[in-house]
Amino acid sequence: MPHSQKIRVLLALVCTLGILYTIVHSLTVLIVLIALWSIIFYPWRLAEAFSFAIAAIFFLFQNYVCLEAGIFEFKVKDVLLMPYYEPSLWGFYFTALQRFVSGERKTLSFQAQSLIGLLVTAVAFSLFSRTPSLFFPATVFSTLVLFALFHTRLDFYYAGCSLLLGFIVELFGVSTGLWSYPAPDFLGIPYWFATMWINVGILGYRFLIPLGEWLAGKVRG
């Protein structure tokens with residue numbers, strides 16, 4: 001079963017990037033991607049659906065803060081300076097990470113430290129995004145805070161898998177012109193991409209997934 005989940009994730013990633021590359025209209029991309037993920041990841045658990053939705057909503061606003069600050073730019077700007085499909089991609093990234101790393105294993109319960117980690121990361125990426133000289137150091141600091149709070153084997157596994165996923169996604173995005181960075185450091189990508197995706201992996205494991213499980217439990221009563 002874990003092996004099957006990993007194959008599903010890899011298939012979903014290849015198909016997702018293929019759809020982004022071949023379909024021009026962003027609303028059509030959104031519809032096709034939702035259909036694709038629904039099929040590949042079927043059956044969906046209620047907790048996964050909650051995590052997907054929360055990630056999409058959170059990054060709709062988090063991305064806008066960074067886009068408005070000018071640290072990166074999308075070629076298509078449909079809503080809040082981003083294409084229609086962009087928020088849903090973050091729901092996919094978190095779902096893919098959970099399926100690839102955790103599979104069907106029981107997830108962690110929600111912890112207070114998770115909220116602290118989220119707040120530190122959100123402040124680093126929001127408050128310092130308008131100060132280029134401080135932005136990368138601030139994101140390094142937030143990453144170190146997360147590792148100080150969370151440093152089990154699975155924390156590092158999530159961080160590593162997320163970093164690899166992020167490198168693939170970022171390299172694809174800038175090479176195809178879907179988005180760009182005004183001050184890249186290598187291959188069209190800034191150094192802070194690494195801290196961002198590491199934070200995504202750890203917070204996905206420690207905050208988003210447990211929150212989805214908690215909400216699903218509340219709904220089931």
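Which residues does Asp155 touch, not counting residues up to four places away in sequence? In this predicted model, the list is Phe150, Ile202, Tyr205 and Arg206. Asp155 itself is placed in helix 7, which covers residues 153-176. Its relative accessibility is 0%, so Asp155 counts as buried.

Let's move on to the nonpolar interior. The largest nonpolar core has 54 residues. Leu20, Leu33, Trp37, Trp90, Phe92, Tyr93 and Trp197 are the ones with the most contacts inside it. Two or more core residues come from each of these elements: helix 1 (2-22), helix 2 (26-40), helix 3 (46-69), helix 4 (86-102), helix 5 (112-127), helix 6 (132-149), helix 7 and helix 8 (192-220). A second core, separate from that one, has nine residues, among them Leu146, Phe150, Ile198 and Phe207. Phe150 also turns up among the residues that Asp155 touches. As background, nonpolar side chains in soluble globular proteins tend to be buried together.

Trp90 is a good one to click on if you want to look around the larger core. Setting aside neighbours within four places in sequence, Trp90 is in contact with Ala55, Phe59, Asn63, Met196, Trp197 and Val200. Trp197, one of those partners, is also listed with Trp90 among the residues with the most contacts inside the core.

Next up is Thr143, which sits in helix 6. With neighbours within four places in sequence left out, Thr143 is in contact with Thr195, Ile198 and Asn199. Ile198 is one of the residues of the second core. The Asn199 pairing includes a polar contact: the side chains of Thr143 and Asn199 are joined at 2.9 Å. Thr143 and Ala124 are 19 residues apart along the chain, and their C-alpha atoms are separated by 9.6 Å.

Now for the outside. Leu27, Ile31, Ile57, Phe61, Tyr64, Val79, Leu80, Leu81 and Tyr84 make a nonpolar surface patch of about 800 Å². Helix 2 and helix 3 each supply at least two of its residues, and helix 3 gives the most, with three. One patch member, Ile57, is found in helix 3.

How do the residues discussed here stand for exposure?

| Residue | Relative accessibility | Status |
|---|---|---|
| Asp155 | 0% | buried |
| Thr143 | 7% | buried |
| Ile57 | 52% | exposed |

The cut-offs behind those labels are under 20% for buried and over 50% for exposed. Thr143 has a relative accessible area of 7%, so it is buried, while Ile57 has 52% and is therefore exposed.

How values were computed. Residues are numbered from 1 along each chain as its sequence is written. This is a predicted model: local features need pLDDT of at least 70, side-chain atom pairs count only at pLDDT 80 or more; totals for chains, interfaces and linings use all residues. Side-chain values use heavy atoms; hydrogens and water are left out. Helices (H or I, at least four residues) and strands (E, at least two) are DSSP runs, numbered from the N terminus. Buried means under 20% relative accessible area, exposed over 50%, partly exposed in between (1.4 Å probe, protein chains only). Contact means heavy atoms within 4.5 Å. A nonpolar core is a set of buried Ala, Val, Leu, Ile, Met, Phe, Trp, Tyr and Cys residues joined through side-chain atoms within 4.5 Å. A polar contact is a pair of N or O atoms within 3.5 Å; within protein, one must be able to donate a hydrogen and the other to accept it, and residues adjacent in sequence count only if both atoms are side-chain atoms. Patches are made of residues with over 30% relative accessible area and no salt bridge: like charges are joined within 9 Å, nonpolar side chains (Val, Leu, Ile, Met, Phe, Trp, Tyr) within 5 Å. Accessible areas come from the Shrake-Rupley method with a 1.4 Å probe; for residues, only the protein chains shown count as cover. A salt bridge is a side-chain nitrogen of Lys or Arg within 4 Å of a carboxyl oxygen of Asp or Glu.
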